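Me: Please take a close look at one part of this structure for me, the salt bridges. Then show me what lies around them. Go step by step, and explain each term when it comes up.

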Amino acid sequence: MSERYFEPSAMDSYFEKRDKPTVFLVFGKEVIVDDERLAMALSRLPQLRREVLLLYYFIGYRDEAIGRLYERCRSTVNSRRNVALKQLRKEWEKLEHEEQKTDTV
């Protein structure tokens, strides 16, 4: 029985070559999205829905702060965010289906 000696090693994925990250501009703030599929799904959303998601999840604003920016109440922002999340999920699934379709062709 022959044994091979392997040098222990690890490779960090952030050094791998990736596509250029997508930058979204929201109220003068840059939001960088590294994931290509997520960036594509976000770009398919209407601008207001995309901005609400980016402000909440990427920049860290709460519904009250987003409401002040758009002159809307907190509950309206919360409702719009939930609708935007549902649409984002649908767009994500469409992109996933498109990728699977191109992989099999």
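Reply: Start with E96. This residue counts as partly exposed, because its relative accessibility is 33%. The scale works like this: buried means under 20% relative accessible area, exposed means over 50%, and partly exposed lies in between, using a 1.4 Å probe and protein chains only.

Some ground rules come next. This is a predicted model, in which local features need pLDDT of at least 70 and side-chain atom pairs count only at pLDDT 80 or more, while totals for chains, interfaces and linings use all residues. Residues are numbered from 1 along each chain as its sequence is written, and side-chain values use heavy atoms, leaving out hydrogens and water.

Now the partner of E96. The side chains of R37 and E96 meet in a salt bridge, at 3.8 Å from N to O. R37 sits in helix α1 (residues 36–43) and E96 in helix α4 (residues 74–104), so this pair ties together parts that are 59 residues apart in sequence. A salt bridge here is a side-chain nitrogen of Lys or Arg within 4 Å of a carboxyl oxygen of Asp or Glu. Helices (H or I, at least four residues) and strands (E, at least two) are DSSP runs, numbered from the N terminus.

How many salt bridges does the structure hold? There are 6. Another joins the side chains of D63 and R81, at 2.9 Å from N to O. This pair also links distant parts of the chain: D63 is in helix α3 (residues 63–70), R81 is in helix α4, and they are 18 residues apart. Both D63 and R81 are buried.

Stay in helix α4 for the next one. K94 and E91 meet through their side chains in a salt bridge, 3.7 Å from N to O. They are 3 residues apart in helix α4, so about one helical turn separates them. Is each of the two buried or exposed? K94 is partly exposed, because its relative accessible area is 44%. E91 counts as buried, at 9% relative accessibility. The pair has company: R44, E91, K94 and E98 are linked in a network of salt bridges.

Go back to α1, the home of R37. α1 packs with helix α2 (residues 47–59) at an angle of about 135°, and their axes are 9 Å apart. Axes are lines fitted to C-alpha atoms, for helices over the stretch in contact, and angles run from 0 to 180 degrees between N-to-C directions. α1 is therefore oblique to α2. Under 35 degrees counts as roughly parallel, over 145 as roughly antiparallel, 65 to 115 as roughly perpendicular, and the rest as oblique.

Which residues make the contact? L38, L42 and S43 come from α1, and R50, L53, L54 and F58 come from α2. Contact means heavy atoms within 4.5 Å. In α2, the buried residues include R50, L53 and L54.

Last, how confident is the prediction? The mean pLDDT of the chain is 87, and 80% of its residues reach 70 or more. pLDDT is the predictor's confidence in each residue, from 0 to 100. Among the elements of the chain, α4 has the lowest mean pLDDT, 91, and α3 the highest, 97. Where pLDDT is low, the predicted coordinates should not be read in detail.
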